[in-house]
Amino acid sequence: LPAGDAEASPEELPAVLAAGTRVVRYAPGTRLFPLFWEPLLAKIQLALLRHAPAPRPRLAWLPGGQADLLRTELREAFESLGWSVRTATDAGAPLDAAALPALLAAGECPELYFSVNFCGLDPLGKAQHLLAAAGVRTAVWCVDNPLHLLSGCKSRSWTELPLFVTDDWFLEPLRQLGARSVHHLPLAARAADLDRPAQQGLPELKNSLVFVGRSAFPGKEGFFAGCRLPQEPWAQAQAMLQRGERPHFGWWLEQLGVQPLWPGTEVRRAGYCAEETGRAWRALCLTQAAQALGGGLTVHGDEGWPALLPKGTDVRPPVDYYATLPAIAASAACCLNLTSPLLPRGLTQRHFDTWAWGGTLLSDATPGLNIFPAELTRELTFQEPAALAGRFRALADGAALRQQLGEAWRGLLRREHTYAHRLARVLET
């Protein structure tokens with residue numbers, strides 16, 4: 001240390017800062033050693049506030065925009081459990097690392113900061129450590145592939161967070177990477193959907209199999225920049241799909257020998273192959289359905305579908321999830337779900353909302369269905385693409401069976417699988 005200077009321990013910082021000390025920060029430090037610097041800087045930021053924030057009991061902050069994933073469902077579920085909720089719209093700020101100091105200085109501080117897919121958290125853990133210094137608990141629900149999400153994290157701070165994943169396949173890989181608290185938390189049904197009558201109003205769909213979904217996710221090319229399909233494993237994967245087998249994300253990790261899973265973006269090579277496998281799976285199943293059912297298939301999705309499906313397939317534009325999709329699901333003979341191989345044992349929202357809206361689900365046999373009783377899944381699942389049309393006809397022609405299944409599914413979802421059930425588990429954890 002230069003002559004006349006003195007070293008201050010982290011415990012002494014509040015008193016030192018209260019004396020009006022000027023703070024000079026070595027900027028590369030947070031990038032090189034974030035686990036040391038970010039908690040320290042968080043204490044400094046809070047010490048500089050006029051009034052120290054105190055968490056308000058039963059207040060949750062939900063970072064992200066109002067149109068973001070599950071924002072409506074989670075707000076309703078928190079409120080049903082007696083919690084207050086603050087979103088970016090309410091706060092007038094994005095509830096992220098840049099906005100948090102001003103929000104905390106204004107006096108409001110949540111008990112829980114609940115992030116979906118690391119929304120509102122930054123690569124170096126700045127927001128996480130600032131919240132922790134203020135006494136806020138932070139939890140992350142990884143609704144999408146967690147290893148994809150972690151590929152954007154530059155600090156090990158994520159290992160300290162309670163993590164919830166919709167696919168239990170990821171529990172062990174995340175623990176091996178150092179996650180201290182990771183739990184299986186599937187998607188769920190919206191209680192409001194279960195409590196309202198079915199919105200049947202499209203009689204032209206009463207004999208139709210309807211599929212609603214994208215041919216590829218937005219931003220795919222940028223996320224997977226530089227990734228390629230290896231020729232021999234890709235041919236093997238296509239043959240597996242024909243047999244109804246699942247060359248999923250984990251299978252691709254083994255085929256490509258991807259290491260490490262984190263840090264870095266190497267894991268996206270396997271993700272790209274799984275994403276392409278999913279597109280091939282959807283195209284294969286929909287092609288089989290279009291050929292076997294004639295005009296009995298309707299696809300709602302993006303402009304990429306016509307090039308992937310037989311000429312003459314009824315392809316329609318995307319629909320609004322909240323305004324239009326419930327009536328489509330309730331009016332169709334069946335609503336088709338095709339699960340992405342990016343989640344080896346995952347479920348999709350369609351496994352829940354189709355029944356909640358009063359519709360009937362037809363799904364591929366994803367292993368994630370094992371959270372439900374077998375007697376409720378065996379009639380509505382298929383393994384091989386060639387079996388899809390036959391399973392659909394059995395459901396479409398069995399009005400009594402569809403009614404029995406619908407009543408049983410809605411009762412089960414209401415008892416065990418709403419978003420309030422999921423959040424109760426988060427809060428308990």
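Helix α12 (residues 231–242) and helix α14 (residues 267–293) pack against each other in this predicted model, with an angle of about 35° and with their axes 10 Å apart. The crossing in which α12 passes α14 is right-handed. Beyond this helix pair, the points below turn to an open sheet of six strands whose pairing is parallel, and to two buried loop residues, L338 and H417.

**The α12 and α14 pair**

- On the α12 side, the contact is made by W234, L241 and Q242, while α14 contributes C273, E276, T277, A280, W281, L284 and Q288.
- Sorted by class, the residues in this contact of α12 with α14 are six nonpolar, three polar and one charged.

**The six-stranded sheet**

- The strands follow one another in the order β9-β8-β7-β10-β11-β12, and they form an open sheet with parallel pairing.
- The edges of the sheet are taken by β9 (314–316) and β12 (381–382), and each of these has a single partner strand, so one side of each is left without a neighbour in the sheet.
- Strand β8 (residues 297–300) runs parallel to β9 and is joined to β9 by three bridges, and V299 stands opposite V315 in β9.
- Helix α18 (residues 388–397) packs on the sheet, where α18 touches β7 (209–212), β10, β11 (361–364) and β12, and the direction of α18 makes about 160° with that of β11.

**L338, in the loop after β10**

- L338 lies in the loop between β10 (334–337) and α16 (350–356), and the residue counts as buried because its relative accessible area is 7%, against a limit of under 20% for that term.
- Setting aside neighbours within four places in sequence, L338 is in contact with F211, W281, R282, C285, L286, D364 and F382.
- Of these partners, W281 is also one of the α14 residues that make the contact with α12.
- L338 and A290 are 48 residues apart in sequence, and their C-alpha atoms are 15 Å apart in space.

**H417, between α19 and α20**

- H417 lies in the loop between α19 (399–416) and α20 (419–428), and H417 is likewise buried, with a relative accessible area of 6%.
- The side chains of H417 and R422 are joined by a polar contact of 2.9 Å.
- Again leaving aside neighbours within four places in sequence, the residues in contact with H417 are A188, A189, F352, I371, F372, L412 and R422.

Definitions and conventions
Residues are numbered from 1 along each chain as its sequence is written. This is a predicted model: local features need pLDDT of at least 70, side-chain atom pairs count only at pLDDT 80 or more; totals for chains, interfaces and linings use all residues. Side-chain values use heavy atoms; hydrogens and water are left out. Helices (H or I, at least four residues) and strands (E, at least two) are DSSP runs, numbered from the N terminus. Buried means under 20% relative accessible area, exposed over 50%, partly exposed in between (1.4 Å probe, protein chains only). A polar contact is a pair of N or O atoms within 3.5 Å; within protein, one must be able to donate a hydrogen and the other to accept it, and residues adjacent in sequence count only if both atoms are side-chain atoms. Contact means heavy atoms within 4.5 Å. Axes are lines fitted to C-alpha atoms, for helices over the stretch in contact, and angles run from 0 to 180 degrees between N-to-C directions. A crossing is left-handed if the near helix is turned anticlockwise from the far one by less than a right angle, and right-handed if clockwise. Ala, Val, Leu, Ile, Met, Phe, Trp, Tyr, Cys and Pro count as nonpolar, Asp, Glu, Lys and Arg as charged, and the others, Gly among them, as polar. Two strands pair if DSSP finds at least two bridges between them.
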